[in-house]
Amino acid sequence: MYLPSFQYLAPKDTGELASLLSDHGDKARILSGGTDLLVQMKSPGLRPDFVIDISGLDELSGINFDAKTGLVIGSAAKLDDIMEMPVVKEKYFALWQSIETIGARQIRTMGSLGGNICNASPAADTPPALVALSAEVSIAGAKGDRVMPVEEFIRGNRQTALKKGEYLKSITLPVPEKNSGSAYHHFRVRGGMEIAMVAVAVQVVLEKNNKTIKDASIALGVVGPTPIRADDAAKILVGQKPSEDLLQTVSQACADISKPIDDFRASAEYRKEILQVLVEEAFDEAYIQVAGDSK
Amino acid sequence: MKQVVQLNINDSPYEVMVAPNETLADVVRRKLGMTGTKLGCEQGDCGACTILIDGRSHLSCITLAVASEGKEIVTIEGLEKDGKLDPIQQAILEKQGVQCGICTPGVIMSAKGLLNENPEPSHAEIVVGMSGNLCRCTGYEKIFDAVEAVAAGEYDDEKTSQAGAE
Amino acid sequence: MDQDSAYTREQIREFDIVGKSVPRVEGYDKVTGRAEFTDDIDLHGMTYAKVYCSPVAHGIIKKIDAGKAENYPGVLAVMTGKDCPKPYSVNNLLPTETALAVEKVVYFGEGIVAVAAINEQIASEALELVDVDIEELEPIVTAQEAENSPDNLIHDFAKNNTNHTAEQHFGDVDDALAKADVVVEETFYTSSVNGGFIEPQSVVADYDPGKDKITVYNCNQLPHMLQHTISKTIDMPVDDIRVIIPNVGGGFGGKSEATPSVLTACFLSRKIGRPVKLTYGRDESLYQNKGRHACHLSLKLGFNKDGTIQALDLSVLLDGGAHSGWGFVVLWFIAALTHLPYKVRNIRYDGRRVYTNKPTPGAQRSFGGVQARTAVESCFDMAAEKLGINPYELRMINAVETGYKCPSVVEVRHAEFKKCLESVAERSDFVNKWGKLPRGRGIGMAAGHYSSGGAFLLYNSSRAHSTANIRVDTEAGATVFCGVTDIGQGSTTVMSQIACEVFGIPMRKVNFICQDTLLSPMDNGTMDSRATYGAGHAVKNAALDARQKIFAVAAAHLGVRAEQLQCKEERISSIYDDNRFIGFWEAVSLHQDVKGTIFGTGDYTPPQPRGDYDGKIIGPSPAFGFTAQIAEVDVNLRTGQVKVLKYYEATDCGKAVNPASVEGQVEGGVAMGLGQALIEEIVVDRKGRVLNPNLHDYKIPTTMDMPEMDTVIVDGYDPTSAYGGKEVGEAPTGPVCAAIMNAVYDAVGVRLTELPITPEKVFRAMRGQHSRGLELETTTIGFANAKIRSV
Ligand SMILES: Cc1cc2nc3c(=O)[nH]c(=O)nc-3n(C[C@H](O)[C@H](O)[C@H](O)COP(=O)(O)OP(=O)(O)OC[C@H]3O[C@@H](n4cnc5c(N)ncnc54)[C@H](O)[C@@H]3O)c2cc1C
Ligand code: FES
Ligand code: FES
C-alpha cells in the first residue's frame with residue numbers, strides 16, 4: 001500500500017507555515033499526527049501535491065491552563081499529552097473521556113486534537129465534548145486570526161470553516177463555572193479500536209444548593225454530519241431538579257432533532273434509541289460529579 | 001523528490017535515500033532489511049507495525065520516514081542486547097504469548113511502550129494499553145500473563161536469553 | 001501401530017518432555033523479529049506484482065486496455081486471465097477458479113489484470129493506467145436468490161446455481177419424531193466470517209530459467225496440495241515445483257487453498273525469468289476470503305421424557321460464494337458433525353451449497369462445527385426447558401463415551417467428554433446459577449467435538465497421510481524431516497518433543513526440517529486438526545525406527561538385549577540396571593563407525609473404516625477431541641449490548657503434549673468464536689460489494705472484548721495416539737456462539753437465532769421485533785477501487 005507521491009515540507013515556525021500555505025493553497029495538506037491524513041491518502045481520492053508537517057512546531061503544541069482564560073490547547077498537541085494534564089481530567093472531564101476512547105494508545109500518542117477537529121469526521125470523538133464545553137477555535141491566516149465556536153468551525157462531513165491559506169492554531173476551553181461537571185458517553189460495538197456509533201457530551205452547572213440545575217449544554221455526536229448542539233433540549237433542564245421524567249423529556253427532545261444515518265452498522269431508528277440512553281447516562285455522570293451520589 | 005535522511009535506529013545512524021511518500025515501515029523493512037517490523041493492514045488498524053519513537057509506541061505504517069529524522073527509533077531488532085533478550089521478549093517467549101508470531105513484534109513493542117509510560121500497570125491497564133494490537137491466535141490471555149509478569153518484576157534480572165527449551 | 005511396547009501406561013505418565021510446556025522452538029526468532037514470513041523474503045532480482053481488482057461483483061469483461069501500463073517505465077510484464085486460463089479447485093472438484101478473471105467476473109475484488117514491475121510503487125501506478133470495460137450483470141447476493149434465479153447463472157454448468165447437494169438418512173427420523181415426547185424446531189443463520197489472520201496472503205515465485213523449475217514461497221497450510229494446483233494450472237510437472245512455506249502468520253483454514261495470487265506470481269515469474277513477489281492488501285485478503293460459510297439451518301430434535309435424544313433432522317443451505325473451495329467437504333462435514341457428541345440414532349441430513357457473487361468461503365477453523373453446534377446446542381437448551389431438565393443434565397444424559405459407534409461408520413475410540421461437561425458445570429456453579437440470575441445476567445452452556453484428521457482425506461487419501469524421516473549423527477544431532485506445516489499452532493515444537501521423548505535427548509539436539517516439498521516427505525498438511533495425531537505418529541514411528549538401529553549397536557556394546565534398553569538423559573541403559581549404560585551419542589558414533597549415519601523412517605495412515613452410504617468419506621477419524629463451555633454474560637437491558645463476563649472451558653485433547661500450547665489453542669479458538677458470536681461479519685451490499693474490507697470495519701476481537709477465561713484440560717490419554725494426544729485446534733471454536741446465545745436467553749428470555757448477535761438484534765428481539773435483513777443499497781465506505789472505471 002503505497003502513498004501517492006508528494007513534496008514534503010516542514011516549516012520551522014508558524015510564519016513559514018503561513019507562507020507555505022499561501023503559496024500552495026489547495027494543493028497542500030497539513031500533516032499533524034497523520035493518523036487520518038495518511039490513511040486517507042492510502043485510499044484513492046486524496047492526493048495533495050504538498051504535505052506540510054506541523055508536528056515539529058512547538059508554537060502549536062502547547063497545552064496551557066490559566067484560571068482566567070481557561071485551557072488553551074495548541075492544534076498540534078498530542079491527544080496523550082492532553083490527557084496527561086491533571087487539569088483536563090479535573091475540569092474538563094468530558095474532553096478527557098472523549099480522548100480516552102480514541103483508537104488505542106498508539107493512535108493517541110500520534111494523533112492531535114487539531115487533527116481530530118480539522119478532519120471533521122461525523123464520528124470523531126472530541127468535537128461533541130468540545131461543543132458541550134463551549135470550546136472555541138483560533139484560526140490563523142494571512143489576514144489575521146479568527147475565533148469561532150467549534151460547532152461553527154465544523155461545517156459538514158469533512159468540511160471546516162478553514163479558508164485557503166488558513167490553519168487551525170489552537171482550541172480554547174473556557175474555565176467551567178463553579179459547581180459544574182461534564183461527561184462524554186459513546187456507544188460502540190467492539191470493545192476497543194472502535195469509532196462511536198452514537199455519542200453524547202453533557203455539561204451541567206448546578207446552583208449553590210447542588211441540586212437545581214443552573215445551566216446545561218448538550219452536544220450530540222455521530223447523529224448528523226456535524227456535532228449537534230441541543231440547546232433547546234438543554235434549556236428544559238434549567239431551573240429544574242433532575243428527575244426521571246425530566247430526563248426522558250430531554251432525551252426525547254435530543255432524539256427528535258438528531259439525524260442519524262442508516263447503514264450496515266446500525267439503523268437510524270436504533271441509533272436514536274441509543275442516543276436517549278446516552279443522554280441520560282451522560283447527564284447522570286456529569287450531575288453526580290457535582291451533586292454527589294443522589295439525584 | 002528523494003532526499004537523504006539521517007535515521008537513528010536502534011542506536012545506530014543510518015543514512016538513507018527516501019522519497020517523502022515512503023513510510024517508516026517501508027524504509028526499515030525494504031531499505032534497511034529489518035523485516036522484524038510487520039505489516040498486517042497498513043492503515044493503523046492492527047498494530048503489527050508498532051515501533052518506538054522517543055520511547056513511545058507509534059505505528060510505522062502511518063509514519064513518514066522523512067518526518068522521523070532526529071528521533072530515536074527502536075524496532076524489534078533493537079531490543080535484544082548482546083544476545084540477551086529484553087524482559088518482555090523473554091516473558092512472551094516463556095509464557096507462550098507467541099503463536100504464529102506475526103503480531104508478536106508489534107505486541108512486544110507496544111508492551112514496551114506501555115511499560116515505559118507505566119512500569120507497573122494493573123491488569124485493567126494492560127488490557128486497555130494493549131488494545132491497539134490485534135492478535136488472532138492467542139486470545140490475548142498469555143500476552144496479558146507476560147506483560148503482567150514483567151510488570152511484577154518476574155524478569156528483572158533475566159540472564160538467560162537462550163532459546164533453549166529446557 | 002505403536003511399536004513402543006517398552007512403555008507401560010504408568011511410565012508414559014512420566015515423560016521427560018512430552019507433557020511439558022516447552023516454549024516454541026522457533027519462538028526466539030519470533031520474539032526478536034528474525035523469523036521470516038513470506039513478505040519478508042528478498043531475492044536477487046526481485047520484482048513486484050500488483051493486481052487490478054474488479055469493481056463489480058458480476059459482469060462480462062468487454063475489453064481490457066493495458067497498453068499504457070505495459071509501456072510504463074519499470075513495468076516488466078502485464079498479464080490477463082487469458083494468459084493462464086486453466087481453472088482449478090480443491091481436488092479438482094468443479095474447478096472454476098482462475099489466476100485472473102477469464103471473460104467473466106464473479107465476485108467483487110476478483111483480479112482482472114496483473115502487473116509485474118521493478119518495485120511496488122511502479123506496479124501500483126501502472127495499474128492506474130489500465131482500462132477495463134465490464135458489462136455489469138445482476139449480482140446474486142443471497143443463497144435464496146441463487147436458488148430462485150434459474151436465468152441468472154454464475155457458472156453456466158450449475159443449474160439453479162447449485163454447487164453440491166448432500167443427503168443422508170440413518171434410522172427412521174419421521175417415526176422417531178412422531179414417537180418423541182418433546183420435539184423442538186428452529187431455524188438459524190450463521191454468518192459469513194473471515195479467518196482474520198494478521199498476515200495477509202503473500203507469495204514469492206522464483207522461476208529458474210536454467211533448470212526450468214520453479215520455487216514458490218507461500219504462506220500455505222498444505223504445501224503438497226499447492227504443488228499439484230500449481231502444476232495443473234501453469235502446466236509444469238509436479239516435481240519441477242518446489243514449495244517452501246516460510247513462517248505462516250496465522251492460517252485457521254483460510255490458507256489451505258491456493259490463492260489466485262500464487263498462480264499469477266508463478267505465471268509472471270516464468271514469463272520474465274525473475275522472482276515475483278505478490279502480497280495482498282487487507283482488502284484483497286478479505287475479497288479472497290476462504291473463511292467460514294454463511295449457513296441457513298433448519299433443525300428438529302426429538303427427545304423422550306427422560307431426556308434421551310431420539311432424532312435429529314437437519315437441513316442446511318450454504319452460501320458458497322463464487323467458487324467451490326472446500327465447500328464440498330464443509331457441506332458433508334456438517335452432516336458428519338451432527339452425529340456427535342450425543343448418542344443420537346435417527347439422523348437425517350439434507351444439505352445444499354449454492355453459488356453467489358460473493359467472496360468464496362472455505363474451511364475455517366471448526367468448519368462445519370460452528371454451524372452445526374450453533375443450531376444443535378441452541379435446540380438442546382430449548383428442549384431442556386420444555387423437558388424441565390437442566391441443560392447440563394440433558395447433555396450428560398446424552399453424552400458419548402469411549403467406544404461409542406455412531407449409526408454411520410464413525411467410531412469414538414476415546415472420549416472424556418463427560419469429564420469436560422462436569423468440569424465446566426462445577427467450576428461455574430452452572431446448575432445453581434442457570435435460570436436464577438437476575439434479569440440481564442445469564443449463563444449458557446454448549447459443547448462440541450472435532451476430528452483429529454479424516455480417516456479419508458479429500459486428496460491423496462490413497463497414500464500414507466504422513467511420512468517422516470529422521471537422520472541421526474554426531475554431526476547434526478537428530479534431524480527430523482517432516483511435511484507438517486506450522487501455521488502458529490506449534491506443530492514444530494510438538495513434533496520435536498515427540499522425537500526427543502523417543503531418544504531421551506534435550507530439545508536443542510533436535511533439528512526440524514519441514515515446510516519444504518524438496519526436503520520434507522509428503523504430508524497431507526495442516527488441516528482438519530490432523531497434525532499432532534497424524535504427523536505425530538509418523539515422527540514417533542520414524543524415531544523408533546532410528547532408535548532400533550542405535551539400540552542394536554548399544555545392545556552389542558553393553559551385552560544387554562535391545563528390548564531391555566531405554567533412552568533417558570542422553571544415555572542408553574538397561575531397564576534393569578541403570579549402571580549398564582552407554583552415552584546416546586557414543587552409541588550413535590559407534591553406529592556411524594560401522595554403518596554410517598542412521599536413518600529412520602515412519603509413516604501414518606488412519607484406520608480406514610468401511611461403510612456404504614453417501615458422504616462416507618467425510619467424518620470418520622481415528623480420534624475426536626471434545627470440549628464443553630459455559631459463558632456468563634451481561635445484557636444491557638436498554639441497549640441490547642451483550643458483554644461476555646466470564647468464559648469457562650474444558651478440553652479433552654487426550655494427553656496434552658504441550659499444555660501451554662493447548663491452552664493457547666483453546667483461548668485463541670474461543671476468541672475466534674466470540675468474534676463470530678458478537679462482532680464479526682463480512683458485509684456485502686445489494687451489488688455484491690464488500691462493505692468492510694479492512695480491519696476497522698471487519699472487527700476481530702481486541703483485548704477489550706475478551707472475557708476472563710478459565711480453561712482446564714481434563715485428564716485423558718488416548719491409547720491410539722502417539723503419546724496420548726489428539727486434536728484441540730478446532731473443537732473449542734465450535735460451540736462458542738451457541739454458549740453465548742444460550743446465555744443471552746438465560747439473561748433476557750429471548751432466543752437469538754441469527755449471527756452475529758449485534759446489540760441492535762438483541763434490542764429488537766427484546767422488543768419482540770424482527771431484525772432487519774439485507775437491505776443495503778448505498779454505503780458510506782470508500783472503495784479501494786473507486787477510482788477504477790466501473791461500467
Ligand atoms: C486505527 C485508528 C483508530 C482511530 N480511532 C479513532 C477514534 O476512536 N475516535 C476518533 O475520533 N478518531 C479516531 N481515529 C482518527 C484519528 O486518529 C483522529 O482523528 C486524530 O485525532 C487525528 O489527528 P492527527 O494529528 O493524526 O491528524 P492528521 O491526520 O494529521 O490530520 C487530520 C486532518 O486535519 C488536517 N489538519 C490537522 N491539523 C491541522 C491544523 N492545525 N490546521 C488545519 N488542518 C489541520 C489535516 O490536513 C487532515 O486533513 C482513528 C484513526 C485510526 C488510524
Ligand atoms: S500495519 Fe500498521 S497498524 Fe496494521
Ligand atoms: S500470534 Fe498469531 S496473530 Fe498473534
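This is a chat between a trainee and a mentor about the domains, interfaces and ligand of a predicted model.

Trainee: Before I start clicking around, what kind of model is this, and how are residues numbered?

Mentor: It is a predicted model, in which local features need pLDDT of at least 70 and side-chain atom pairs count only at pLDDT 80 or more, while totals for chains, interfaces and linings use all residues. Residues are numbered from 1 along each chain as its sequence is written, chains are lettered from A and ligands numbered from 1 in the order in which they are written, and side-chain values use heavy atoms, with hydrogens and water left out.

Trainee: OK, chain C then. Which domains is chain C divided into?

Mentor: Chain C is divided into domain 1 (5-35 + 465-604), domain 2 (38-137 + 200-248 + 256-288) and domain 3 (166-193 + 290-455 + 613-766), with bounds that come from an automatic or database domain assignment.

Trainee: How far apart are the centres of domain 2 and domain 3 of chain C, and how many residues does each bring to the contact?

Mentor: Their C-alpha centres lie 36 Å apart, and the contact, meaning heavy atoms within 4.5 Å, takes 22 residues from domain 2 of chain C and 24 residues from domain 3 of chain C.

Trainee: And what area do domain 2 and domain 3 of chain C bury between them?

Mentor: They bury about 2000 Å² between them, with 59% of it on carbon and sulfur atoms; buried area here is the accessible area (1.4 Å probe) that two parts lose on being put together, summed over both. On the side of domain 2 of chain C, F108(C), E257(C) and L286(C) supply 27% of the area buried against domain 3 of chain C, more than any other three residues.

Trainee: E257(C) is charged, so to speak; which residue does E257(C) form a salt bridge with?

Mentor: E257(C) forms a salt bridge with K290(C), and their closest N and O atoms are 3.1 Å apart. The rule, a side-chain nitrogen of Lys or Arg within 4 Å of a carboxyl oxygen of Asp or Glu, finds 3 salt bridges across the interface of domain 2 of chain C and domain 3 of chain C.

Trainee: Which helix gives the most to the domain 2 side there?

Mentor: Helix α9 (residues 282-288) of chain C does, with 5 residues; helices are DSSP runs (H or I, at least four residues), as strands are (E, at least two), numbered from the N terminus. The residues of that side of domain 2 of chain C divide into 13 nonpolar, 4 polar and 5 charged, where Ala, Val, Leu, Ile, Met, Phe, Trp, Tyr, Cys and Pro count as nonpolar, Asp, Glu, Lys and Arg as charged, and the others, Gly among them, as polar.

Trainee: Changing topic: where does ligand 1 lie, and which residues are closest?

Mentor: Ligand 1 lies between chains A, B and C, and 34 residues surround it, each with a heavy atom within 4 Å. The closest are I30(A), T35(A), D36(A), L37(A) and S112(A).

Trainee: What polar side-chain atoms sit by the oxygen atoms of ligand 1?

Mentor: A polar side-chain atom of T35(A) lies 2.6 Å from an oxygen atom of ligand 1, an N or O atom in the side chain of S112(A) is 2.6 Å from a ligand oxygen, and for R29(A) the distance is 2.9 Å.

Trainee: T35(A) is in chain A, so how is chain A split into domains?Mentor: The domain assignment gives domain 1 (7-53), domain 2 (58-173) and domain 3 (180-290). The C-alpha centres of domain 1 of chain A and domain 2 of chain A lie 18 Å apart, and about 1100 Å² is buried between these two domains, with carbon and sulfur atoms giving 58%. In domain 1 of chain A, T14(A), S32(A) and T35(A) lose the most area to domain 2 of chain A, together 38% of what that side buries.

Trainee: How many salt bridges and polar contacts are found across that interface?

Mentor: The rule finds 0 salt bridges between domain 1 of chain A and domain 2 of chain A, but 4 residue pairs in polar contact (both at pLDDT 80 or more). A polar contact is a pair of N or O atoms within 3.5 Å; within protein, one must be able to donate a hydrogen and the other to accept it, and residues adjacent in sequence count only if both atoms are side-chain atoms.

Trainee: Last one: what does the interface of chain C and chain A look like in numbers?

Mentor: The area buried between chain C and chain A is about 2600 Å², of which carbon and sulfur atoms give 53%, and the contact takes 34 residues from chain C and 28 residues from chain A. There are 6 salt bridges between the two chains, including one that E280(A) forms with R638(C), the closest N and O atoms being 3.0 Å apart.
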